[in-house]
Amino acid sequence: MPVADLVLAEAPAEKGLRARDLRREVDEARVRVLHDPAEFVDRVHAAGHAGVLAGDLLVQGSRAGRVDSATVPCDLEGELLPLDLRRRERRPMLDELLGERPHLREQRVRLLAGEVSRRHPRMIERKVAARQRDSAEREIHPTRLSIWLALVALLTFAQVYGRYVADSDTIDDPLYSSSFAASSLTQWILLGGIALGLAFGARELLAVRMPQRVGRAALIAIATFLLVVITGGILSALGLNPSSEQGLVPDEWPPPDQAVFAFNVALVVLVGPFVEELLFRGLGFSLLRPFGRMVAIVGSAAAFAAVHGLVEGFALIFLLGLGLAVMRDVTGSVLPGYALHATFNAVAVTAAALSSSAS
């Protein structure tokens, strides 16, 4: 720019300059020469930018009609869309599972830019739930674990002592006995209360929740049932009889009191398996899980077999406990194991009754 005040200019700047020359419009002409190309270039760029913007709006507008925003938006370009182009997109929610989104259409979920999951929205929910469950199961509960191990040891000692050491008369046909019904009901109430008490303040240890991977759990249940049946046949061929060792096989049929028999069957088929699943696959598995998956599976199965106090039937019950523990690990819930456990007991009671009626 030309110097506005010649008087205030520095001496070197005044040397060789004349006010007459400085008053000419040479500098202003140069400004106009520089300004004209600038206007021309800006107009060209503005037109180009308008074309690019129109193309972007066209492309993004087609995307806005077919993609829903995910729980955590990751597409920054999509987030910069004009509001009128986002009229069909759902507002993202914080800390919201995909199964609880405020709309019903979950066929497409935006994962990243250019990645769209079709008809598989539950996959992300299962992954999130599995990570949350794994992080919760890594916590060690030393006091609860010590009490649970002491309870397992006490139950094992009581069963072995009462069955093989104590010189006491056993109840003939316990499924027909009202005293057996009363003692069994008291036992299951006591053990269920202990399980709930140990899980007080940390109910997730019981794993009473909706299962995952139900199809895989069904395959594990079928394989476990067949393995237990085959093992039982092998033990019978070797001269062992786990069913008679447990003492639930009746000697006569039909039962003298059908009401007592039905109540005992309900305890054996419905109540007992549920309490045992809470105690071993729920509480025991969760307390052993921080030490490793195999420790939890094998340890809970061994404890489950030990508290039955059987010698000939230990292998049979241990295999059943392994299958139930694997189902617990795969599904994250005790409910599939409870269904298999109840089914197994129902089949065992039915087979015992049929064998008694045939003899």
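Which residues of α6 are buried? They are L145, W148, L151, V152 and T156. The model is predicted. This briefing covers helix α6, a nonpolar surface patch, the salt bridges and the residue T224.

**Helix α6**
- Helix α6 covers residues 142–165, which makes 24 residues.
- At 1.5 Å a residue, α6 should span 34 Å. Its end C-alpha atoms lie 33 Å apart, so the expected span and the model agree.
- The buried residues of α6 pack against three partners: α7 (178–198), α10 (258–288) and α11 (293–306).
- An α-helix has 3.6 residues a turn, so residues three or four places apart point the same way.

**Nonpolar surface patch**
- F157, V160, Y161, Y164, V165 and V311 make a nonpolar surface patch of about 610 Å².
- V165, one of the patch residues, sits in helix α6.
- V165 counts as exposed because its relative accessibility is 54%, and the cut-off for exposed is over 50%.

**Salt bridges**
- The whole structure holds 2 salt bridges.
- Side chains of opposite charge can pair when their charged atoms come close.
- One bridge joins the side chains of E277 and R281, at 2.7 Å from N to O.
- Both E277 and R281 belong to helix α10. They are 4 residues apart, about one turn of the helix.
- E277 has a relative accessible area of 0%, so it is buried. R281 also counts as buried, because its relative accessibility is 0%. The cut-off for buried is under 20%.
- The other bridge pairs R293 with D329. The closest N and O atoms are 2.9 Å apart.
- The pair of R293 and D329 links distant parts of the chain, 36 residues apart. R293 lies in helix α11, and D329 lies in helix α12 (residues 314–331).
- R293 has 38% relative accessibility, so it counts as partly exposed.

**T224 in helix α8**
- T224 is part of helix α8, which runs over residues 214–237.
- Is T224 buried or exposed? T224 is buried, because its relative accessible area is 7% and the cut-off is under 20%.
- The T224 side chain reaches the backbone oxygen of I220 at 2.7 Å.
- What does T224 touch, not counting residues up to four places away in sequence? Its contacts are L319, L320, G323 and L340.

How values were computed. Residues are numbered from 1 along each chain as its sequence is written. This is a predicted model: local features need pLDDT of at least 70, side-chain atom pairs count only at pLDDT 80 or more; totals for chains, interfaces and linings use all residues. Side-chain values use heavy atoms; hydrogens and water are left out. Helices (H or I, at least four residues) and strands (E, at least two) are DSSP runs, numbered from the N terminus. The expected span of a helix is 1.5 Å times one less than its number of residues. Buried means under 20% relative accessible area, exposed over 50%, partly exposed in between (1.4 Å probe, protein chains only). Contact means heavy atoms within 4.5 Å. A salt bridge is a side-chain nitrogen of Lys or Arg within 4 Å of a carboxyl oxygen of Asp or Glu. Patches are made of residues with over 30% relative accessible area and no salt bridge: like charges are joined within 9 Å, nonpolar side chains (Val, Leu, Ile, Met, Phe, Trp, Tyr) within 5 Å. Accessible areas come from the Shrake-Rupley method with a 1.4 Å probe; for residues, only the protein chains shown count as cover. A polar contact is a pair of N or O atoms within 3.5 Å; within protein, one must be able to donate a hydrogen and the other to accept it, and residues adjacent in sequence count only if both atoms are side-chain atoms.
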